[in-house]
Amino acid sequence: MLDDLAERVLAAVDRAAPELRYEEKSWQGYDGTNVVLRQLLGARQCDVPYSMGGGNCDLVVDVDGTTTWIEVKQAWTWKTFTNPAGRNSNYHKHLFGETASALHDARDRLPRLVGRPEAQVIGLLVIGLDSDQLPLPLGDLDTLAERAGLALRPWRRFSRSRRRSQQTNFASIGVHAHLWLRETSELVGVCSATDRASSSAGGQS
């Protein structure tokens, strides 16, 4: 299930051309990335509030009786596409800030859906936008996974290699799509914890 879902989401990112867009708001006639992804994935057509409060979720997709909640974050290494060598001072804030960041969404928001009936799968989608002059440090995504708990089961990571933009005037711009998914059943978490405990015990013999 997760493999098919990941393929659908990552393929939608390729089609959405996020290098042309902000996450949500329109810019120069282009809808936001989240708006386009909702259309491509058949998702609910607006942010969906968390039932326990604390904001809204970017993508809620219903497929074959399974409801998936996905938070989306774009992280630009460059400041503007016309100056791809100009460093974006907000890059680390988008990934690691204490609020409105990929870390905050994965560590503090999505886990609240574990065990709740409205979500069977949760996910974090990070869309990295870099340039030939300022490549995306992939180690930052490993750090994000470690700090947010995404490196532990039952989370699974799905990634696409860097794709060079095909858009006019964006020749030096690249797109990386990285998606973490997990099921929300509490039993999944219990089984994973048991697996880790068994592995640790086996390593001590």
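Reader: How many of the 205 residues of the protein count as buried, as a percentage?

Author: This is a predicted model, and in it 47% of the 205 residues count as buried. The chain folds into six helices and nine strands. Its radius of gyration is 17 Å, close to the 17 Å that the globule rule gives for 205 residues, so the protein is as compact as a globular protein of that length. Along the principal axes, the C-alpha atoms fill a box of roughly 55 × 40 × 30 Å.

Reader: Which share of the contacts joins residues at least 24 apart in sequence?

Author: Taking contacts between residues at least 6 apart in sequence, 63% join residues at least 24 apart. T68 offers an example. T68 belongs to strand 4, and its C-alpha atom is separated by 9.1 Å from that of L5, 63 residues apart along the chain. Beyond residues up to four places away in sequence, T68 touches L5, L59, V60, V61 and V121.

Reader: Is T68 buried or exposed?

Author: The cut-off for a buried residue is under 20% relative accessible area. T68 counts as buried because its relative accessibility is 3%.

Reader: Where should one look for the largest nonpolar core, and which residues have the most contacts inside it?

Author: The general idea comes first. In soluble globular proteins, nonpolar side chains tend to be buried together. Here, the largest nonpolar core has 31 residues, and L125, L179 and L181 have the most contacts inside it. Two or more residues are given to this core by each of helix 1 (2-16), helix 2 (33-41), strand 3 (59-63), strand 4 (66-76), strand 7 (121-131) and strand 9 (173-183). Helix 1 supplies the largest share, eight residues. There is also a second, separate core of 26 residues, which includes V60, A75, L113 and V126.

Reader: What is L179 in contact with?

Author: With neighbours within four places in sequence left aside, L179 is in contact with A6, V9, L10, I70, L124, L125, R156, R157 and F158.

Reader: Which residues of helix 2 are buried, and how should their spacing be read?

Author: An α-helix has 3.6 residues a turn, so residues three or four places apart point the same way. In helix 2, the buried residues are T33, N34, V36, L37, R38 and L41. These residues pack against helix 1, strand 3, strand 4 and strand 7. After helix 2 comes G42, with a positive phi near 65 degrees.

Reader: Which residue other than glycine has a positive phi near 50 degrees?

Author: A100 is such a residue, with phi near 50 degrees. A100 is found in the loop between helix 3 (91-96) and helix 4 (102-109), and counts as exposed at 55% relative accessibility. D64 is also not a glycine and has a positive phi of about 50 degrees. D64 is found in the loop between strand 3 and strand 4, and its relative accessibility of 78% makes it count as exposed.

Reader: Which residues does a cis peptide bond join?

Author: The cis peptide bond joins R153 and P154, with omega about 10 degrees. P154 is found in the loop between helix 5 (138-148) and strand 8 (156-164).

Reader: What can be said of the surface and the charges?

Author: The protein exposes about 9900 Å², of which carbon and sulfur atoms supply 50%. There are 24 positive and 25 negative side chains, and the centres of the two sets lie 4 Å apart.

How values were computed. Residues numbered from 1 in each chain as written. Predicted model: local features only at pLDDT ≥ 70, side-chain atom pairs only at ≥ 80, totals over all residues. Heavy atoms only, no water. Helix = DSSP H or I, 4+ residues; strand = E, 2+ residues; numbered from the N terminus. Rg over C-alpha atoms; globule rule 2.2 N^0.38 Å. Buried < 20%, exposed > 50% of the residue type's maximum accessible area, 1.4 Å probe, protein only. Contact = heavy atoms within 4.5 Å. Areas by Shrake-Rupley, 256 points an atom, 1.4 Å probe, with all protein chains shown as cover. Lys, Arg positive; Asp, Glu negative; His and termini not counted. Charge placed at Lys NZ, Arg CZ, Asp CG, Glu CD. Core = buried A, V, L, I, M, F, W, Y, C linked by side-chain atoms within 4.5 Å.
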